[in-house]
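Me: I've got a model open and would like to talk through how some of its strands and helices are put together. Can you take me through it?

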Amino acid sequence: MQTEYEPHAIETAAQRHWDETQAFQAVEDPSREKFYCLSMFPYPSGRLHMGHVRNYTIGDVIARHQRMLGKNVLQPMGWDAFGLPAENAAIKHGIPPSRWTRENIAAMKDQLKRLGFGYDWERELATCDPDYYRWEQWLFTRLMEKGLAYRATATVNWDPVDQTVLANEQVIEGRGWRSGALVEKREIEQWSIRITDYAQELLDAIDQLDGWPERVRAMQRNWIGRSEGVLMRFGLVGAEESLEVFTTRPDTLMGVTYVAVAAEHPLAQRAAAADPQLAAFIDECRQGGTSEAELETMEKKGYALGIDAAHPITGEPVPIYAANFVLMGYGTGAVMAVPAHDQRDWEFAERHGIPKRQVIVSADDSPCGIEQQAFTEKGVLRDSGPFDGLTSEQAFDAIADWLAERGLGERQVNFRLRDWGVSRQRYWGCPIPVVRAADGTVRPETALPVRLPEEVVVDGSGSPLKQMPEFSALPNGETRETDTFDTFVESSWYYARYCSPDCDSAMLDERAKYWLPVDQYVGGIEHAVLHLLYARFFHKLLRDEGLVDCDEPFASLLTQGMVVAETWYREDAEGRREWFNPADVEVSRDDKGKVVGAVLRSDGEPVHFGGIEKMSKSKNNGVDPEAMIERYGADTVRLYMMFTAPPDQSLEWNDEGVEGAYRFLKRLWNLAVTHAEAIRAAGATAGSGEGLGEGLGEAEAEARREVHAALKKALFDYERQQFNTVVSACMTIANTVSRLGDEPPAQTVRREGLSIALRLLAPIAPHVTHHLWRALGLGEDILAAPWPAVDESALTQEQITYVVQVNGKVRGKIAVPADAERDAVEAAALANDNAQRFIGEASVRKVIVVANKLVNIVAK
């Protein structure tokens, strides 16, 4: 056995063994309990960052642990390969997005392999491969046939420079995130999928997601946003038309003093035809955002249409305004405004001098004035005619019934969730499989896949597919759709395709029913709503096609914390900040670790501390995983990631902590090297090395008790996925067995302790444990070793040591029989010579016994 710990040689050899034996190839076996462990697949940007490393290490630890428990484990990996970054890179480098993407996939695959992740690479997939996306095209054609996919006009964010739709998140201060152009709101035809048809089921099933964090479940409930209210009709004064409005607060109806409609509403459009100022205001509204968050923070603006609505109860005329805070795509595009009881309406009324009519007061006579702000709580109605004196809850029913009886309204359930617009005017995406006839009718494409041309130059001026008649022009005057799918479509079902990646006759086959649902999903909290909600929706679509037989895709979800690090900067005369990597900064700290100064190593000049933030390119505080692996080896990086913080909490990067992880692995190696021959000899006489408690001396028995106590805690921590304390338990075991002597009984306990520590560490630091398991003669392959079990008899103590305190200060120790009664423990403590010396002439007022730990004598 080599004496020096050489991680690169050890890791290369272990990875070669896993490859040669196909150690992680998953095969369906109905006779075995399966475990499907999946980490969210990466976008192939070209390089892993530390967030990737943490995410995938957590998933690999879970998968390896479950494998060692004897389960049939599937852990695949693939690539979320379509998307805008590839187009931007293609523009920058002058190469097709496909080439850039596939080169990056090859580079990142090598990085993942170097970290020793136990993936079944036979199941690898990339969403840009036609063999993959042909099946989402097939599913879309099925949704068209069912009426679940449709084309309709929608209000979108339009970038006039990039000539494409932007998601709300891609609009920054009213401008396109890439082009910087002022974004317009535009009405265009979009393909959408009716996720709203599944809204109630998606909402109800959240309560069954017991393995999900409550925070994520709450975010999904809020995003779906079920609300019960009343859809009512306001007449238009002097016209036969009516205006539909939905409200969740019919109890405030008598306080309506105006109605607001979206700038795109037909009423606003008609009025604008004769009013240039209104037309200009509508154009201004087109520059605004389309997200609820933007609407909440923007200045509330409006313009009176010169049209009045008739209040549905009193008939009183109510002015109608076009307002920038109403979206045509939400609800009916019109809202009733109650300034006294809604803060947004209150702010708008203040700006436009509209009256505020208070019709709700507090039920307990607490202050409820509306001079400074709206009173938004529920309460008791006043100035509401026949509804005076009713509580808000009673008025909901009474007003809903009154309107229904007169044909002016009805109860309705609404959802905040909108249908999923899946059209993107991008090139690098999955083509939408639709053909348009010369007469404008559309039909599903039948010859699948519709292949995306790959040798294409992208210049940023819209999708090149629109300028490619060889793609879009078909016989008989038909044309092919040139929009591509939102990339969330690909990531909404990839987890299922891993189960049958080589099936060329169907989207999924029977193997999917063996592996699904995913037992453990690992990914960031930032995906709590969109990706996870879309994946849940897609799973129900797959179920309704008979492709899967479970209702939810992910049984358990772990949202890992971010990797954060210090930031350092200098500021120039204009206030612009230049950020420096922490590795380039020399920091001075006081005795408590607080920063007292820092200079840039290259010039010795001061830099400023910018706080601790998520690793990012913009703050230049990232750490290159490749450099860390090159310096310390993959096991050290993995161990550090698991030891520094629990998986669901942020991990603050610290170079000294990495050094500490490396030192522990070297210490473990040296311990094994020092005692390798004796351990192998002990194994020849002791069999498995476990359950060997008989005939041990006091020191060996105590060491064995400590080993099994640490094991018991580690097994518990594995079940709750607290891997940082698992590592602590392994360190405890290593320290315990390192103190033992060289006698045969000590070597037997050392062998057992190391065999336990190596198995506990195997999921976390798989390379070094693979090597040491063999070198110590513990077995051929640690992956096939049985998971360690606690020997409860080892935890039995004949004596227990108590710390003795006098008035809270430690004054001695006593050893008493393990079954000693409390009185005997007290008596032994009081009889302790050192305790008596500190009690002296004082009288003992109280004796506090903490079972199996300490005795505190209170004397005055």
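Reply: Sure, one term to begin with: two strands pair if DSSP finds at least two bridges between them. Keep in mind that this is a predicted model.

Me: Which residue of E23 stands opposite cysteine 37?

Reply: Strand E1 covers residues 34-39 and strand E23 covers residues 520-524. The two run parallel and are joined by three bridges. Across from cysteine 37 in E23 you'll find glutamine 520.

Me: Which strands stand at the edges of the open sheet?

Reply: The sheet has four strands, paired in parallel, in the order E2-E1-E23-E24. From one strand to the next, the twist averages 20°. Two strands have a single partner each, so one side of each lacks a neighbour in the sheet: E2 (72-74) and E24 (557-560).

Me: What angle does the direction of H2 make with that of E1?

Reply: Helix H2, residues 50-68, packs on this sheet. It touches E1, E2, E23 and E24. Its direction and that of E1 make an angle of about 170°.

Me: Is H23 roughly parallel or antiparallel to H24?

Reply: The axes of H23 (residues 744-761) and H24 (residues 766-775) come within 9 Å and cross at roughly 150°. Angles over 145 degrees count as roughly antiparallel. So H23 is, relative to H24, roughly antiparallel.

Me: How many nonpolar residues are in the contact of H23 with H24?

Reply: H23 brings Ser755, Leu758, Arg759 and Leu761, while H24 brings Pro766, Thr769, Leu772 and Trp773. By class, two are polar and one is charged, and the nonpolar ones number five.

Methods. Residues are numbered from 1 along each chain as its sequence is written. This is a predicted model: local features need pLDDT of at least 70, side-chain atom pairs count only at pLDDT 80 or more; totals for chains, interfaces and linings use all residues. Side-chain values use heavy atoms; hydrogens and water are left out. Axes are lines fitted to C-alpha atoms, for helices over the stretch in contact, and angles run from 0 to 180 degrees between N-to-C directions. Angles under 35 degrees count as roughly parallel, over 145 as roughly antiparallel, 65 to 115 as roughly perpendicular and the rest as oblique. Contact means heavy atoms within 4.5 Å. Ala, Val, Leu, Ile, Met, Phe, Trp, Tyr, Cys and Pro count as nonpolar, Asp, Glu, Lys and Arg as charged, and the others, Gly among them, as polar.
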